[in-house]
Amino acid sequence: MTTSSKRRRQSRRIQGFLADHYIEALAEWAEVTRTPLFGAIALRRNDLVFGMNWKGRLYFKTDEEAVQEYDAAHSSKLTYTTNEGKPQALKSYAEVPPVVTEDEEKLREWAEIAYQAALKGAVRS
């Protein structure tokens, strides 16, 4: 096994561990499941993706209203590299600030806001 494939396996294990941690932290709020999604782990409630665990960071779905809180916290957008090697940002997903991920009550509040943003997006599509 090559070094890069070992790193990818380790990264997937860490992402899985973190996703499970967030699922457990959100258990009082709702039943949350996880599924792989383009190298990330999607967090779902009622089959709607409201969060993503990507490269060890938690990102929540945002909308025009919710994004202001993330911008105030200087949160970055979920960014990946395309096959052509260009960075691409998913503007509707922003990194959840540490002050939120470290407080389960705040995490549940922000998860609800993210879920509502996902619901609004599902209604539009």
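Helices and strands here are DSSP runs, numbered from the N terminus. The model is predicted.

**Figure 1. The whole chain combines four helices and six strands.**
Along the sequence, the elements follow the pattern α-β-β-β-β-α-β-β-α-α. Of the 125 residues in the protein chain, 42% are buried. The chain exposes about 8000 Å², and carbon and sulfur atoms supply 50% of that area. Take the contacts between residues at least 6 apart in sequence: 49% of them join residues at least 24 apart.

**Figure 2. Six strands build one open, antiparallel sheet.**
The strand order is β1-β2-β3-β4-β6-β5. The edges belong to β1 (33-37) and β5 (77-81). Each edge strand has a single partner, so one side of each is left without a neighbour in the sheet. From one strand to the next, the twist averages 40°. Strands of a sheet pair through backbone hydrogen bonds, either parallel or antiparallel.

**Figure 3. Strand β2 pairs with strand β3.**
β2 spans residues 40-45 and β3 spans residues 48-54. The two run antiparallel and are joined by five bridges. Arginine 44 faces its opposite number, valine 49 in β3. Aspartate 47 sits in the loop between β2 and β3. Its phi is near 70°, a positive value in a residue other than glycine. Aspartate 47 counts as exposed, at 63% relative accessibility.

**Figure 4. The hairpin of β3 and β4 has two residues between its strands.**
Four bridges hold this antiparallel pair together. Asparagine 53 stands opposite leucine 58 in β4. In the hairpin, lysine 55 takes a positive phi near 50°. Strand β4 (residues 57-61) is mostly covered, with four of its five residues buried.

**Figure 5. Strand β4 also pairs with strand β6.**
β6 covers residues 87-95 and runs antiparallel to β4. Three bridges join the two strands. One bridge partnership links tyrosine 59 to glutamate 95 in β6.

**Figure 6. The largest nonpolar core holds 25 residues.**
Trp29, Leu43, Phe50, Phe60 and Leu107 touch the most other members. The elements that give two or more residues to this core are α1 (3-25), β2, β3, β4 and α4 (104-124). The largest share, six residues, comes from α4. A second, separate core has eight residues, including Ala42, Val49, Trp54 and Tyr93.

**Figure 7. Phenylalanine 60 and the residues it touches.**
This view leaves aside residues up to four places away in sequence. Phenylalanine 60 then touches Phe50, Gly51 and Tyr70, among others. Its contacts also include Ser92, Tyr93, Ala94 and Val96. Leu107, Trp110, Ala111 and Ala114 complete the set. Of these, Leu107 joins Phe60 among the residues that touch the most other members of the largest core.

**Figure 8. Arginine 45 is a buried residue of strand β2.**
The relative accessible area of arginine 45 is 17%. Buried means under 20%, so arginine 45 falls within that class. Its side chain makes a polar contact with the side chain of glutamate 112, at 3.0 Å. Not counting residues up to four places away in sequence, arginine 45 touches Trp29, Ala30, Glu31, Phe50, Glu112 and Tyr115.

**Figure 9. Leucine 48 in strand β3 and its contacts.**
Beyond residues up to four places away in sequence, leucine 48 touches Leu43, Tyr115, Ala118, Leu119 and Ala122. Valine 32 is 16 residues from leucine 48 in sequence. In space, the two lie 9.8 Å apart, C-alpha to C-alpha.

**Figure 10. Phenylalanine 38 lies in the loop between β1 and β2.**
Its phi is positive, about 50°, although phenylalanine 38 is not a glycine. Is the residue buried or exposed? Phenylalanine 38 has a relative accessible area of 79%. Exposed means over 50%, so phenylalanine 38 is exposed.

Terms used: Residues are numbered from 1 along each chain as its sequence is written. This is a predicted model: local features need pLDDT of at least 70, side-chain atom pairs count only at pLDDT 80 or more; totals for chains, interfaces and linings use all residues. Side-chain values use heavy atoms; hydrogens and water are left out. Two strands pair if DSSP finds at least two bridges between them. Axes are lines fitted to C-alpha atoms, for helices over the stretch in contact, and angles run from 0 to 180 degrees between N-to-C directions. Buried means under 20% relative accessible area, exposed over 50%, partly exposed in between (1.4 Å probe, protein chains only). A nonpolar core is a set of buried Ala, Val, Leu, Ile, Met, Phe, Trp, Tyr and Cys residues joined through side-chain atoms within 4.5 Å. Contact means heavy atoms within 4.5 Å. A polar contact is a pair of N or O atoms within 3.5 Å; within protein, one must be able to donate a hydrogen and the other to accept it, and residues adjacent in sequence count only if both atoms are side-chain atoms. Accessible areas come from the Shrake-Rupley method with a 1.4 Å probe; for residues, only the protein chains shown count as cover.
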